Amino acid sequence: MARGTALIRLALFGHPVSRSLSPRIHQLFAGQTGLAVEYTARESTPDTLSDQLAALAGEGGRGCNITVPLKNSACALAHRLSARARQSGAVNTLRLENGDEWFGDNTDGIGLVRDITRNLGKTLSGQRIALIGAGGAAAGILFDILISRPARVVMSNRTLDKAIHLAQRFANIGPVEVFSEGQLSKSGPFDLVLNATSMGHQGGLPAMTETMFAPGAVCYDLNYGTAHEVLDRWCVSRGIVSHGGLGMLVEQAAESFQLWTGHAPETASVIDSLSTTASTARN
């Protein structure tokens, strides 16, 4: 019997969402905590998101997740923002407050940090970190990376001006050095290389070389499943430890779940449960 007597209505908005793992993740969290949770995936666009949020509130909804391509739209619609959401300009979690006001947060960065530090047993403090990509995925994780006090953060992007602009946006949180793709391999070595590009979804590789990796370095791909396979093969063939972003997905969901319910779910068993099916799903 569920501990919660009232149904907690939650949703995911984005496009496409039909193959998202989020509904399953939150049902597993609900089973752990004994809460009655309804979590539905709903197709949405920037033009329809505002009306759909109002409809969710009218249904008694407590909150929702936001995925591509709506994170910037959700940020603009939020009445109040967390520091990390304000800094990134993107929201992936909304919680209804005072009946009709939305609090916006971005749990991607804390999800990444927790997966690396808790699940993989690595540290970010004092580490030399390379971040490849300067789009929304990179913006969503930079705040939590920088407050973890790494020794150095270097970012590269195919469009250099985009990387420069993002680094300037986060300058008040911590320094981010910017290099072109060609210069990045000469600016290492690094202890942790983060791939925040979408190249894996097209079967491609981010711009990286073996010389970027210090002895014992780790490559962490924010993608997972089939989108991680090409990069994983590249790393394995060169003796580089590689991890996909499934753990990040679960950890960021756990932070959202706690924001909505006040309950912190256990994540290791959920990651294990999903690892066999992640190759056919996308965030």
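1. Buried, in this note, means under 20% relative accessible area. Asparagine 157 comes in at 15%, so it counts as buried. The model is a predicted one, and every value below is computed from it.

2. Where does asparagine 157 sit? It is in the loop between β8 (152–156) and α7 (160–169). Its side chain has two polar partners on the backbone. A polar atom of that side chain lies 3.1 Å from the backbone nitrogen of alanine 134. The side chain also reaches the backbone oxygen of threonine 159, at 3.0 Å. Setting aside neighbours within four places in sequence, asparagine 157 is in contact with Gly133, Ala134, Lys162, Ala163, Phe179 and Glu181. Alanine 134 therefore turns up both in the contact list and as a polar partner, given the 3.5 Å limit for such pairs.

3. Helix α6 deserves a look next. It is mostly covered, with nine of its 11 residues buried. Those are Ala138, Ala139, Gly140, Ile141, Leu142, Phe143, Asp144, Ile145 and Leu146. Asp144 is among the buried residues, and it also takes part in the contact with α5.

4. Leucine 142 belongs to α6. Buried or exposed? Leucine 142 has a relative accessible area of 0%, so it is buried. Beyond neighbours within four places in sequence, leucine 142 is in contact with Leu131, Val153, Leu166, Phe170 and Val176. Two of these can be placed: Val153 falls in the range of β8 (152–156) and Leu166 in that of α7 (160–169). For a distance check, take leucine 142 and histidine 243. They are 101 residues apart along the chain, and their C-alpha atoms are separated by 19 Å.

5. Now the packing of α5 on α6. Helix α5 covers residues 108–119 and helix α6 residues 136–146; they pack at an angle of about 55°, with axes 7 Å apart. That angle makes α5 oblique to α6. The crossing is right-handed. On the α5 side, the contact uses Asp108, Gly109, Ile110, Leu112 and Val113. On the α6 side, it uses Gly140, Ile141, Asp144 and Ile145. By class, that is five nonpolar, two polar and two charged residues. A general point helps in reading such lists: an α-helix has 3.6 residues a turn, so residues three or four places apart point the same way.

6. A second helix pair is α1 with α10. Helix α1 (residues 22–33) and helix α10 (residues 246–261) pack at about 55°, with their axes 10 Å apart. The two helices are therefore oblique to each other. Their crossing is right-handed. From α1, the contact residues are Ile25, His26, Phe29, Ala30 and Thr33. From α10, they are Leu249, Val250, Ala253, Ala254, Phe257 and Trp260. The class count for α1 with α10 is nine nonpolar, two polar and no charged residues.

7. Backbone geometry has four spots to check. Most residues other than glycine have a negative phi, and most peptide bonds are trans. The bond joining histidine 15 and proline 16 is cis, with omega about -5°. Proline 16 is in the loop between β1 (8–14) and α1. The peptide bond from glycine 188 to proline 189 is also cis, with omega near 5°. Proline 189 lies in the loop between α8 (181–184) and β10 (190–195).

8. The other two spots concern phi. Asparagine 98 has a positive phi, near 55°, and is not a glycine. It is found in the loop between β5 (93–97) and β6 (101–105). Its relative accessible area is 67%, so it is exposed. Arginine 149 has a positive phi of about 60°, and it is not a glycine either. Arginine 149 is in the loop between α6 and β8. At 68% relative accessibility, arginine 149 counts as exposed.

9. Last, glutamate 59. It lies in the loop between α2 (49–58) and β3 (63–66). At 36% relative accessibility it counts as partly exposed. Which residues does glutamate 59 touch, not counting those up to four places away in sequence? The answer is Arg9 and Arg42. Glutamate 59 and lysine 186 are 127 residues apart along the chain, and their C-alpha atoms are separated by 55 Å.

Terms used: Residues are numbered from 1 along each chain as its sequence is written. This is a predicted model: local features need pLDDT of at least 70, side-chain atom pairs count only at pLDDT 80 or more; totals for chains, interfaces and linings use all residues. Side-chain values use heavy atoms; hydrogens and water are left out. Axes are lines fitted to C-alpha atoms, for helices over the stretch in contact, and angles run from 0 to 180 degrees between N-to-C directions. Helices (H or I, at least four residues) and strands (E, at least two) are DSSP runs, numbered from the N terminus. Angles under 35 degrees count as roughly parallel, over 145 as roughly antiparallel, 65 to 115 as roughly perpendicular and the rest as oblique. A crossing is left-handed if the near helix is turned anticlockwise from the far one by less than a right angle, and right-handed if clockwise. Contact means heavy atoms within 4.5 Å. Ala, Val, Leu, Ile, Met, Phe, Trp, Tyr, Cys and Pro count as nonpolar, Asp, Glu, Lys and Arg as charged, and the others, Gly among them, as polar. Buried means under 20% relative accessible area, exposed over 50%, partly exposed in between (1.4 Å probe, protein chains only). A polar contact is a pair of N or O atoms within 3.5 Å; within protein, one must be able to donate a hydrogen and the other to accept it, and residues adjacent in sequence count only if both atoms are side-chain atoms.
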